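Please read the following walk-through with the sequence and the coordinates side by side, taking each region in turn.

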Amino acid sequence: MYAQSTTLGILAAIAIALPATSAPSFTLHSTGAVQLRATGHEARYGIVAPAVSGHPVLTVALGAETGAGALHLTLPGDRLPAPGVYPIRSTWNETAGDTAAFHASFMAGTVEHPVGWFQGESGWVKVTGTKDGRISGTYEIATRGFLSADLADEDQRVTVRGSFEADGDSTATTIALVR
């Protein structure tokens, strides 16, 4: 009886000492030409090499599989960024020190019912943490693009805000490393 109580006590102490890992998650709220709210657990990141001018990039994908909208955040480099605030850039400009800027694209709607596509023009991504195969942060991004109802009008504006806790995606990283 004493051994059972001791064993249960040890197991309980170990369980309490183990860090609680929450599931990956994201929130996304858009205003402007497209107004939607999305939340979910489809928050992943991976390193893809070589993707831009022969260099690797870190890509954070939010809501890419079943969400009402998806956001992709891309940062040049082969590692997680340090916590801090990073600007959004609309072009890849290696000579301007672009390694400290995110690039964003927002796809509104689903694959079956696309609403529009928008490119990030300005804003920020605040990385709040990077550890144990996870990156977390918040963002506010001003985008410009088109609605699927009128592909010729590429001057539609959408602002996207939200947060994320993304887990590392070993598939993307493995593909990048097996070159």
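**Strands, buried polar side chains and a core**

His103 has its place in strand β7 (residues 103-109), in what should be read throughout as a predicted model. Because its relative accessibility is 4%, which is under the 20% limit, His103 counts as buried. The side chain of His103 reaches the backbone oxygen of Arg89 at a distance of 3.1 Å.

A second buried residue can be described in a similar way. Arg134 belongs to strand β9 (residues 134-147), and with a relative accessible area of 11% Arg134 is buried. A polar atom of the Arg134 side chain lies 2.5 Å from the backbone oxygen of Ser22.

From these residues we can turn to the nonpolar interior. The largest nonpolar core has 30 residues, of which Leu28, Leu71, Leu73, Phe106, Tyr139 and Phe164 touch the most other members. Strand β10 (residues 156-168) supplies the largest share of this core, namely four residues. When neighbours within four places in sequence are left aside, the contacts of Leu73 include His103, together with Phe102, Ala104, Ile141 and Phe164.

Strand β10 also takes part in the strand pairing, since strand β1 (residues 25-32) runs antiparallel to β10 and is joined to it by eight bridges. Within this pairing, His29 has Arg161 of β10 as its bridge partner. β1 pairs in the antiparallel sense with strand β2 (residues 36-40) as well, over five bridges, and there His29 stands opposite Arg37. The two strands β1 and β2 form a hairpin, with three residues between them.

Notes
Residues are numbered from 1 along each chain as its sequence is written. This is a predicted model: local features need pLDDT of at least 70, side-chain atom pairs count only at pLDDT 80 or more; totals for chains, interfaces and linings use all residues. Side-chain values use heavy atoms; hydrogens and water are left out. Buried means under 20% relative accessible area, exposed over 50%, partly exposed in between (1.4 Å probe, protein chains only). A polar contact is a pair of N or O atoms within 3.5 Å; within protein, one must be able to donate a hydrogen and the other to accept it, and residues adjacent in sequence count only if both atoms are side-chain atoms. A nonpolar core is a set of buried Ala, Val, Leu, Ile, Met, Phe, Trp, Tyr and Cys residues joined through side-chain atoms within 4.5 Å. Contact means heavy atoms within 4.5 Å. Two strands pair if DSSP finds at least two bridges between them.
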